[in-house]
Amino acid sequence: MATLSLIPFAKISPYSRRRSRCDVVRFFSPFTGTLTITVPKSVSRVPAMVSPLKAISLSNLSGLPANLLDLLRASPATWESSIASNLVIFMLGSPLLLSGLSALGMGSAFLLGVLTWRAFEAPGFFLVATYFVVGTAVTKLKIAQKEALGVAEKRMGRRGPGSVIGSSAAGCACALLSIYGVGGSAFSEIWRLAFVASFCTKLSDTVSSEFGKAYGKTAYLVTTFKVVPRGTEGAVSVEGTIAGLLASVLLSTVSYFMGEVSAPQAAICVLASQIANIGESFIGAAFQEKDGFQWLNNDVVNVANISIGSILAVLMQLVIFDGWR
């Protein structure tokens, strides 16, 4: 018998391998766990130690695609189907992912992907994927010029775990609240809206910053409107601001067509993202890494930014739209 097991932390029993008399092929990552495929030499048994996640036993390897597809199509999503879906996507998309993420960043992104799929299934995952593709593309714009100016992202624009967490903390919180049904069915739509708003906010921030550093003609400090070098914390440019607005419109439109939000909610996400980004610019200009605020680095400011965007979207929904009903 061939066995496909998803085993976190690679807890594989040596005793079980001796008794199964199998050839063992393992793919290990400290972040995603171990994907183990055991193929019998003669007669084998199911390994004595199985994953805490339900092991998927197949009668033969030829049945793997069909069984895997059944797991990927599971609706509503389960933890098993979420992990399996992300394993497949990350394996197939690893060249693209590694172009925009460090190895540790990729591990953090995998955890984000699992949470997103479990909470909001494929539409939510597609939203995050769109954010990643667009964000990575604008980060690479005129990367040599940005490096010469000293304003480029580290590692040739490949983002690490701090950046991933800073960009997705609010979205992960919304996913967990949705998964565990906090607030009941009445709040499920609220958590979904907040999730979308957080990524609209972050994409708008990323695009406005990276596009402004690449093409902005004049940058102004948001607190004083004094002309400052491109890439200065708290600086804005006309070109970057317009690009950031369009990016937010793009992602909210994708969310609408994926059925994540309604048309009014898509508009809420755009408005909330722009207000949050103005607030983030003020925080950057006035406090970021200043005396007494050395702890307020870019990742912390990102968390504040996306949290503000999410909270504003929820308040707009509850106060303005629900208040009119």
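Here is a short chat between a trainee and a mentor about this predicted model.

Trainee: What should I know about the numbering and the model before I start?

Mentor: Residues are numbered from 1 along each chain as its sequence is written. The model is predicted, so local features need pLDDT of at least 70 and side-chain atom pairs count only at pLDDT 80 or more, while totals for chains, interfaces and linings use all residues, and side-chain values use heavy atoms, with hydrogens and water left out.

Trainee: Where does helix H7 bend?

Mentor: Helices here are DSSP runs of H or I with at least four residues, strands are runs of E with at least two, and both are numbered from the N terminus. H7 covers residues 161-179, and its 19 residues put the end C-alpha atoms only 23 Å apart, short of the 27 Å of a straight helix at 1.5 Å a residue; that expected span is 1.5 Å times one less than the number of residues. A bend is the angle between axes fitted to the seven residues ending at a residue and the seven starting there. For H7 the bend is about 55 degrees, and it sits at Ser168.

Trainee: Is Ser168 buried or exposed?

Mentor: Buried means under 20% relative accessible area, exposed means over 50%, and partly exposed is in between (1.4 Å probe, protein chains only). H7 has a list of residues in the first class, including Gly166, Ser167 and Ala170, and Ser168 is on it too: buried.

Trainee: Which residue with a positive phi follows H7?

Mentor: Look just past the end of H7. The phi there is near 60 degrees, and the residue is Gly181.

Trainee: How much of residues 164-183 is helix?

Mentor: UniProt, in an unreviewed entry, lists this span as a "transmembrane region", along with 87-112, 124-143, 240-259 and 300-321. Its positions are given in the numbering used here, feature names are shortened, and annotations may be inferred rather than shown by experiment. In the model, the end C-alpha atoms of residues 164-183 are 27 Å apart, strand makes up 0%, and helix makes up 80%.

Trainee: Which helix gives the most to the lining of the largest pocket?

Mentor: On a 1 Å grid over the protein atoms alone, a pocket is an open set of points with protein on both sides within 12 Å along at least five of seven lines, and lining residues have an atom within 4 Å of a point. This pocket is lined by 46 residues, with Ser209, Lys213, Glu233, Glu280 and Asn298 nearest its centre. H7, H8 (185-215), strand S7 (235-236), H9 (238-257), H10 (263-286) and H11 (298-324) each supply at least two. The top giver, with nine residues, is H8.

Trainee: How far is Pro229 from Lys213 in space?

Mentor: Pro229 sits in the loop between strand S6 (227-228) and S7. Pro229 is exposed because its relative accessible area is 58%. Along the sequence the two are 16 residues apart, and C-alpha to C-alpha the distance is 9.2 Å.

Trainee: What is the relative accessible area of Lys142?

Mentor: Lys142 lies in the loop between H5 and helix H6 (143-149). Its phi is positive, about 45 degrees, although Lys142 is not a glycine. Lys142 counts as partly exposed because its relative accessible area is 38%.

Trainee: And what is the relative accessibility of Phe225?

Mentor: Phe225 is in the loop between strand S5 (219-221) and S6, and its phi is positive, near 60 degrees. Phe225 counts as exposed, at a relative accessibility of 60%.

Key. On a 1 Å grid over the protein atoms alone, a cavity is a set of points where a 1.4 Å probe fits but cannot get out, and a pocket is an open set with protein on both sides within 12 Å along at least five of seven lines; lining residues have an atom within 4 Å of a point.
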